[in-house]
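Here is a short note for a colleague who is meeting this structure for the first time. Please keep the view open while going through the points.

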Amino acid sequence: MATDLHQLLRSLRVWDPEVTELPPFDPGAAPVTPLELFTEWFAAAVAAGQCEPHTMSLATSDESGLPDVRIVMLHGADETGWSFASHAGSRKGRHLAARPYAALGFYWPVLGRQVRVRGPVSAAPSADAQGDLHARSTGALAAALTGRQSEVLGSVEELVRASEAAWERAAREPDAPVPSWTLYRLRAEEVEFFQGDEARRHVRLRYRRAEEGWTRELLWP
Ligand SMILES: Cc1cc2nc3c(=O)[nH]c(=O)nc-3n(C[C@H](O)[C@H](O)[C@H](O)COP(=O)(O)O)c2cc1C
């Protein structure tokens, strides 16, 4: 019932000192590129025991500009961009084909940190996507081979049949190609780092791509 939900909501808090440590963050000492700071913060999240720090929200918009969001895994972040993989025919794949621009959101509660990344998205060459997929687990390949992501599913049995066949093929043929599997790269135009603060004086540092290098500015929390 709604009252139960509201009671439950009121009983919860963020950044419980039992689970969260809010480290100091001096934006004046931040590195000159967001990739360096992202790499530092990512390693710190892993070291602090953050569960699944490599999962992120991926926001896209459809042909009419309406938004959508879902969780995907981060496959890499380097000079070519932040990368993730999915099926070109899925809803997000169709969105990205129509409007090749997206936003990513990371939340690492054990350190009270959030990172937001925005920018244009392009599909990597197919060989990169296949290479990335074949370097992953049999389960990842089986899931990709199952295909038809985001289509309406007639019945659970239909999925079981398709998935069993996909697992068999993935085990037998670890290099099986999945033509629709696409590696996307988001080239950041803006990256914002948020460090939570006990007194609510949260630090927000935004990097924006400039003609040469990056500009850095603070934002009111
Ligand atoms: C923890 C987690 C990780 C996921 N990773 C991926 C991923 O890397 N790629 C992907 O296509 N879907 C991934 N999914 C599934 C997506 O959230 C989503 O259900 C699916 O991609 C269909 O989204 P769409 O209809 O917007 O295209 C993941 C889901 C969860 C909960």
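1. Helices (H or I, at least four residues) and strands (E, at least two) are DSSP runs, numbered from the N terminus. The model is predicted, so that local features need pLDDT of at least 70 and side-chain atom pairs count only at pLDDT 80 or more, while totals for chains, interfaces and linings use all residues. Residues are numbered from 1 along each chain as its sequence is written, and side-chain values use heavy atoms, with hydrogens and water left out.

2. Strand E2 (67–73), strand E4 (81–87) and helix H3 (91–98) each supply at least two residues of the shell around the ligand, and E2 gives the most, with four residues. A residue is near the ligand if one of its heavy atoms lies within 4 Å of it; among those surrounding the ligand are Thr55, Ile71, Met73, Lys92 and Gln149.

3. The shell divides into four nonpolar, five polar and three charged residues, where Ala, Val, Leu, Ile, Met, Phe, Trp, Tyr, Cys and Pro count as nonpolar, Asp, Glu, Lys and Arg as charged, and the others, Gly among them, as polar.

4. Turning to individual atoms, an oxygen atom of the ligand is 2.7 Å from an N or O atom in the side chain of Ser86, and a ligand nitrogen atom is 3.0 Å from a polar backbone atom of Ala85. A polar backbone atom of Arg91 is 3.2 Å from an oxygen atom of the ligand.

5. Away from these contacts, Leu5 is found in helix H1 (residues 2–11). Leu5 counts as partly exposed because its relative accessibility is 47%, which falls between buried (under 20% relative accessible area) and exposed (over 50%), with a 1.4 Å probe and protein chains only.

Methods: A polar contact is a pair of N or O atoms within 3.5 Å; within protein, one must be able to donate a hydrogen and the other to accept it, and residues adjacent in sequence count only if both atoms are side-chain atoms.
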